Amino acid sequence: MNQVCKVNGKRMEARLAELGEIGKTPENGVHRLALSAEDKQAQKLVAGWMKEAGMMVRQDHFGNLIGRKEGTDPQAPVVMLGSHIDSVPNGGRYDGTIGVIGGIEVVQTICEANITHTHPIEVVAFCDEEGPRFYSGLFGSTGMIGKMTQEKLHMPDDEGISRYDELRSMGLDPDNQQDSVRKPGEIKVYLEMHIEQGPYLQAMNAPVGIVTGIAGPAWLNIKLHGMAGHAGTVPMNMRRDPMSGAAEVILAIEKICGSDPSAPTVGTVGKIAAYPGGQNVIPGTVEFSVDIRDTDEGRRDAAISQIQAAVDEVCKRRGLTAEVKVNERAKPTLCSEQVMAAMERAAGALGLTPPKLVSGAGHDAMCLAEIADMGMIFVRCLDGISHNPKEYASQEDITAGTEVLLATTLEYVK
Ligand code: GLV
Ligand code: MN
Ligand code: MN
């Protein structure tokens, strides 16, 4: 392949730095929860860059920000690039953002080089990929593929505000979903560049990798109810303490998910709260989240059943009751063989031999794979650290990943 143009790494670096200022935390991370004031400010900034890159910009009814550059055939299926710009609480500056900034860079480079292409290109910043604010993620991409549920749309945050409320206040109309849903055949291919968020590319001394598949996350919410009481007066053997019960369940989760060291099963309790929440009060209720993932859906679901059994056993023994809710159950996803081959060709022409690897993190690509061919490029990140202010990917590596994204895009838009 004759690569006729080069992306502008300095421009991407400057944009990433500017975006990193929105919701910047004292630790130099970002706190830009979906549909927060910071997220909306970031959407405005990114919309400006999409325009600068030569795209028409709109927002669909699920809050997805979409830039579009027409090709010579407006009816031809779209080549879509994207990722997200929302973050987890006190997260990193590269998670999601490099896929959006990289997508914009690809389009701007194509425009500046006056390359004629047949297929339209769209760059999407998907709404609420991360999910911690409203207890479920992949929101905009789920909407785009026509799988939105009323439950997801109306799920409240801790202040009682839902994504529905936020979208309505932005002048969007999530009840009017039909214009925002994309049908199979409308999207030729979906390409997402993302930081690896794991340690393998660094260990292999490779700036860029090609993703073969994405593990399926399931999100549970567990509430254990016991008996609130006085921390000083209730004897230890008369307590029905849900915090001690939660401690046992959490250790059981660690054991269940780690029981087969050759399997990629992982389980995490990332959020916990005790009610009413006082230093001298035995809690009446303890609530915690569970994030559990595997590339094998059956094995992941078997782990969920084992967790449920552990909850039942602990509750029975301790006189507690439980509510277990599954908020999310995403399927593990395979990337398209054709797209992986195109990425390999693109990387090869640039002198790169990217290793193939699985994604433990979830991505909007999982949803898009239901209606289009899908592929992902991973960019090495320092020590595999992510969902942490220390997250870092170098300008050189991001530029290399974006060159592969550009060359793959050029193959598909012809
Ligand atoms: C998104 O970052 C996820 O995998 O939770
Ligand atoms: Mn991400
Ligand atoms: Mn993330």
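## Around the manganese site and ligand 1

Let's start with histidine 387, which is partly exposed at a relative accessible area of 42% (buried is under 20%, exposed over 50%, partly exposed in between, using a 1.4 Å probe and protein chains only). Keep in mind that this is a predicted model, where local features need pLDDT of at least 70, side-chain atom pairs count only at pLDDT 80 or more, and totals for chains, interfaces and linings use all residues. Residues are numbered from 1 along each chain as written, chains are lettered from A and ligands numbered from 1 in the order written, and side-chain values use heavy atoms, leaving out hydrogens and water.

His387 (NE2) is one of the protein donors of the manganese ion (ligand 3), along with Asp95 (OD) and two OE entries from Glu130, at 2.1 to 2.6 Å. Donors here are N, O and S atoms within 2.8 Å of the metal (3.2 Å for Na, K and Ca), and with water not among the atoms, sites may look incomplete. Along the chain the donors are spaced D-x34-E-x256-H. Aspartate 95 also bridges to a second metal, the manganese ion (ligand 2), 3.5 Å from the manganese ion (ligand 3).

Glutamate 130 sits in the loop between strand E4 (121-126) and helix H4 (139-144), and histidine 387 in the loop between strand E16 (373-379) and H12, so this pair ties together parts 257 residues apart in sequence. (Helices are DSSP runs of H or I with at least four residues, strands are E runs of at least two, numbered from the N terminus.) Unlike histidine 387, which is partly exposed, glutamate 130 is buried at 8% relative accessibility.

Both residues turn up again around ligand 1, whose surroundings are Glu129, Glu130, Arg293, Ala361, Gly362 and His387 (a heavy atom within 4 Å counts as near). Three side chains place an N or O atom by a ligand oxygen, and a polar contact is a pair of N or O atoms within 3.5 Å; within protein, one must be able to donate a hydrogen and the other to accept it, and residues adjacent in sequence count only if both atoms are side-chain atoms.

| Side chain | Distance to an oxygen atom of ligand 1 |
|---|---|
| Glutamate 130 | 2.9 Å |
| Arginine 293 | 2.6 Å |
| Histidine 387 | 3.1 Å |

The protein covers 91% of the 200 Å² of accessible area that ligand 1 has on its own (Shrake-Rupley method, 1.4 Å probe; for residues, only the protein chains shown count as cover).

Elsewhere, serine 36 lies in the loop between helix H1 (9-20) and helix H2 (37-52). Serine 36 is buried at 13%, and its side chain reaches the backbone oxygen of leucine 33 at 2.6 Å.
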